[in-house]
Amino acid sequence: MTGNSNGFAIRTERVSRQYAMGEALVHAVEDVSIAVQAGEFVALLGSSGSGKSTLLNLLAGLDRPTSGAIYAHDHNLAEMSSQELAYHRSYTVGMVFQAFNLLPRMTLEENVELPLRLAEVDRAERPARVREAVERVSLAARLTHRPSELSGGEQQRAALARALVNRPTILLADEPTGNLDSVTGDAIMHLLQEINRNLRMTIVMVTHDRVRAARYAHRIITMRDGKLVTEGASDEIA
Amino acid sequence: MKLRDLTELAARNLREAVLRNSLTTLGIAVGVASLVAMLSLGVGLQELASTRLSRSGLFDAVFVTTQANMRAFGAPPRPAAERATTQAARKLDDDARQQLTGIKNVVEVYPEVRFPTEVQFEGKPYMTTVAGIPASARADGAFDEMKGTFFSGSEADEAILQIEFARDLSRQTESLIGKELVLRYAEKEPLPADSSATPAATAGKTAPNDSAADDAPASGGFSLVPREMKLRIIGVVETEPATGFGGFGRGRLLIPLQIAQNLRIAQPTDMREMLRGNTGKPTYESLTVRVSSPKAVQGVEDAIKGMGFGTFSILDATKNLRLFFTVFDLLLGIFGSLALTVASLGIINTLVMAILERRREIGILKALGAADRDVRRLFFAEAGAMGLLGGVLGVAIGWLIGRALTFGTNVYLARQELPPIDLSSIPWWMVVGAIAFSFFVSLAAGMYPASRAARLNPVEALRYE
């Protein structure tokens, strides 16, 4: 099933996600419709439990909506098989997490190479792709280091390199500065902005930091209790 | 994910939890080792029994008689009419012997030559039974542990003594080797056609017969001439050789078969053949047909029956022996498999624990694009690798157990002054089979954990601390 994208990189139509917790039904995301233009930098703002991370997981294809549709480049994620969702996560989106989620046993180089292995990229092509990604985040000198040997900021940059290595069109970042001090956090935000500008990569970032959202994102979407509250240009909402 | 990447990732994961995975692999190895040790014991004993029995000459031999002489063991006497027809049964002569030799898979055809006679040793007479031994008997187990050597040739004037007879001659049996003894026997000498007198006892003057091979014009009768022959003792054999049915078992003085035949000893059949009026070619009461392997016995037996002779082999006994060992192997295999079942539970436990430990990792892999199939295959590869490694290790341990059992048994046998044996045997099919079995059992054990890991919700997995 495809929908008319009208230049949107990703778009949701009345998407909802409910969880059963015991006998109670939790509406994590309720009837949310958003549309992100290709090359746009959007911040999903909200307090804890507002449903922003759940929405991001739905956009990433890590989770399936209870109802509604999610279109990524015209393809409805809600109707994809698990194999197709894996393909979407591999080629269309790159993900960055608050906790970095690097594999501790692997070196930086191996961590960055991992998505290439999963995407069955030719082995001969991989070293150049890894180098390109780590140079973009200025970590070329740390290739042989394990995550435990890197600082928080370096780990997040490594995670960013890993998210970029498969050349996705959409970058999804879940609280990328949540575990970093303000200086390092700003450096990461600069990097995201640079990637957005230079690579024309669409970025959807979940954050609860209104100031950073206003400073770096083109547009802010605010959520509360699983519902979309406000949506507008960052300078308007800030 | 490509196979090479999958293998590399699986190997990395196995290396990371080296202690736990090593213990699981060791568990598999112990299971495989017990299976291999049990089966190798079964196969070893089977081979031991088969080899010993086969080398005894009982399982690769067909006993051939004329239809007239053959009567099934335990069968009731045949009616008179049937007995009458047997008078015309085919003769077991040299032509028949030649024909039997030409049958496919027949190695050797030889008559039974055994006779009681007197032996002179150091001036003293001894009564004993002489048996002719074919050259093929050298391969018999009976001659493995003999003192001295086997016959140097098929017409060597040499003798091997059975230990009991050797003890009659001397307390120091080994000291007999190299000494000479004199064989005294009665030789058949054909009478000339017009002969009416012989230097010794004569027989069959009235019946035309010549049961001995001789070029002289024969009268059909023969005389018995006392002869002597010097033989050099070249060996003492402990086990009684038993080549063929009633062959030269019970022989106490063994000489080359060709020599025994050349002696032209009067046989019990000679008188009967003479009375029946058989002339010309010599006939045999029975012949032993040595076949290339016990498997070929049935075919050879059928071919001989088709030629009009009676046969007997203990093929059925071989079949029963095989059946016994098949059941024996099966039982040993079941016991061994129980150990492998326990090892399989170890694999399931290890991999289920690994899922709990690696929930977050599975979530990350899925977030980076791993499909359910990739995760399943990764866990499968890890289970398979442990199975393969455990299988190889298990075969090695099983082999060592077999060696240890053989060593222990041989120490005991040596104390009993018995020859050593090879108690266990690991043929190539057992090595391949055990490793493959271990591999597939491990894959089966990894099925549930792998499928559980594949189904893991990535959102929950990433949330997991």
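## Helix packing around α11 of chain B

In this predicted model, α11(B) packs against helix α12 of chain B, which spans residues 428–455, at an angle of about 150 degrees and with 7 Å between the axes. Since angles over 145 degrees count as roughly antiparallel, α11(B) is therefore roughly antiparallel to α12(B). The two helices cross with right-handed geometry. Their contact is made up of 19 nonpolar, nine polar and three charged residues.

α11(B) also packs against α1(B), here at an angle of about 65 degrees and with the axes 9 Å apart. The crossing of α1(B) and α11(B) is again right-handed. On the α1(B) side, the contact involves B:L6, B:T7, B:L9, B:A10, B:A11, B:N13 and B:L14. These residues meet B:R377, B:L378, B:A381, B:E382 and B:A385 of α11(B). By class, the contact of α1(B) with α11(B) comprises eight nonpolar, two polar and two charged residues.

## Contact between chains A and B

The contact between the chains draws 17 residues from chain B and 18 residues from chain A. On the chain B side, the elements that contribute two or more residues are α1 (3–16), α10 (359–367), α11 (372–415) and α13 (458–463). Both α1(B) and α11(B), which pack against each other within chain B, thus appear in this list.

The side of chain B that touches chain A has nine nonpolar residues, seven charged residues and one polar residue.

## The four-stranded sheet of chain B

Chain B holds an open sheet of four strands in the order β2-β11-β1-β12, with antiparallel pairing. Its edges are formed by β2 (106–111) and β12 (309–312), each of which pairs on one side only. From one strand to the next, the twist averages 25 degrees.

The edge strand β2(B) is joined by five bridges to β11 of chain B, residues 286–291, and the two strands run antiparallel. Within this pair, B:V106 stands opposite B:V291 of β11(B). Helix α4 of chain B, residues 94–101, lies across β1 (61–66), β2 and β11 of the chain. The direction of α4(B) is at about 160 degrees to that of β2(B).

## The six-stranded sheet of chain A

In chain A, an open sheet of six strands follows the order β7-β8-β9-β4-β10-β11, with mixed pairing. β7 (93–96) and β11 (227–233) of chain A occupy the edges; each has a single partner strand, so one side of each lacks a neighbour in the sheet. Neighbouring strands of this sheet are turned against each other by 15 degrees on average, direction ignored.

The partner of the edge strand β11(A) is β10(A), residues 219–224, to which β11(A) is joined by six bridges in an antiparallel arrangement. In this pairing, A:T222 stands opposite A:T230 of β11(A).

## Chain B as a whole

Chain B contains 13 helices and twelve strands. Of its 465 residues, 42% count as buried. Among the contacts in chain B between residues at least 6 apart in sequence, 83% join residues at least 24 apart.

How values were computed
Residues numbered from 1 in each chain as written. Chains lettered and ligands numbered in written order. Predicted model: local features only at pLDDT ≥ 70, side-chain atom pairs only at ≥ 80, totals over all residues. Pairing = 2+ DSSP bridges. Axes fitted to C-alpha atoms, helices over the stretch in contact; angles between N-to-C directions. Contact = placed C-beta atoms within 7 Å. Nonpolar A, V, L, I, M, F, W, Y, C, P; charged D, E, K, R; others polar. Left-handed = near helix turned anticlockwise from the far one by under 90°. Parallel < 35°, antiparallel > 145°, perpendicular 65-115°, else oblique. Buried ≥ 20, exposed ≤ 12 C-beta atoms within 10 Å, placed from the backbone.
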